[in-house]
Amino acid sequence: MYNVVIVCVHGFGTASLMKEMICSRFKNIIVKKTVTEERILNIDLSNIDFIISSIDLQIMQCLVVKVNVILKESDYRLIENAMEKLFIKIFKKVILLWMEF
């Protein structure tokens, strides 16, 4: 499961639509919050795997996937790529830990 935050500049209604589109396509994504650009700076991202945003964000502590407000097939591929990158990163850590034993 991947924990994500959705950031949308257009308000709660559009963010809710994005959430519905993402959750209906990806059963392994849990949307922890939907927020505006201003509120993302006040969110604890320590348990968030990545951010899905309709606007450009400069957040260093978390992977950001920029998508269109109304998701297209290319946006879904970007989200899939982010999940794949995270899986590979975790898999490498597990292998390294296993090799230490």
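Student: Is Phe-101 buried or exposed?

Tutor: Exposed means over 50% relative accessible area. Phe-101 has 86%, so it counts as exposed. Keep in mind that this is a predicted model.

Student: Where is Phe-101 placed?

Tutor: Phe-101 sits in the segment after helix 3. Compare sequence and space too. Phe-101 and Ile-6 are 95 residues apart in sequence, and their C-alpha atoms are 39 Å apart in space.

Student: Which residues make the nonpolar surface patch?

Tutor: Phe-87, Ile-88, Phe-91, Ile-95, Leu-96, Trp-98 and Met-99 make the patch. Its area is about 790 Å². Take Met-99, which lies in helix 3. Its relative accessibility is 57%, so Met-99 counts as exposed.

Student: Now helix 1. What should its residues span?

Tutor: Use 1.5 Å a residue. Helix 1 covers residues 12-25, which is 14 residues, so it should span 20 Å. Its end C-alpha atoms are 20 Å apart, and that agrees.

Student: Which residues of helix 1 are buried?

Tutor: Buried means under 20% relative accessible area. In helix 1 the buried residues are Ala-15, Met-18, Met-21 and Ile-22. Look down the helix axis: these buried residues fall within an arc of 125°, so they line one face of helix 1.

Student: Which residues are exposed on the other side of helix 1?

Tutor: Phe-12, Gly-13 and Glu-20 are exposed there.

Student: What do the buried residues of helix 1 pack against?

Tutor: They pack against three strands and a helix: strand 1 (2-7), strand 2 (29-35), strand 3 (50-53) and helix 3 (73-100).

Key: Residues numbered from 1 in each chain as written. Predicted model: local features only at pLDDT ≥ 70, side-chain atom pairs only at ≥ 80, totals over all residues. Heavy atoms only, no water. Helix = DSSP H or I, 4+ residues; strand = E, 2+ residues; numbered from the N terminus. Expected span 1.5 Å × (residues − 1). Buried < 20%, exposed > 50% of the residue type's maximum accessible area, 1.4 Å probe, protein only. Arc of directions from axis to C-beta. Contact = heavy atoms within 4.5 Å. Patch = residues over 30% accessible without salt bridge, like charges linked within 9 Å, V, L, I, M, F, W, Y side chains within 5 Å. Areas by Shrake-Rupley, 256 points an atom, 1.4 Å probe, with all protein chains shown as cover. Salt bridge = Lys/Arg side-chain N within 4 Å of Asp/Glu carboxyl O.
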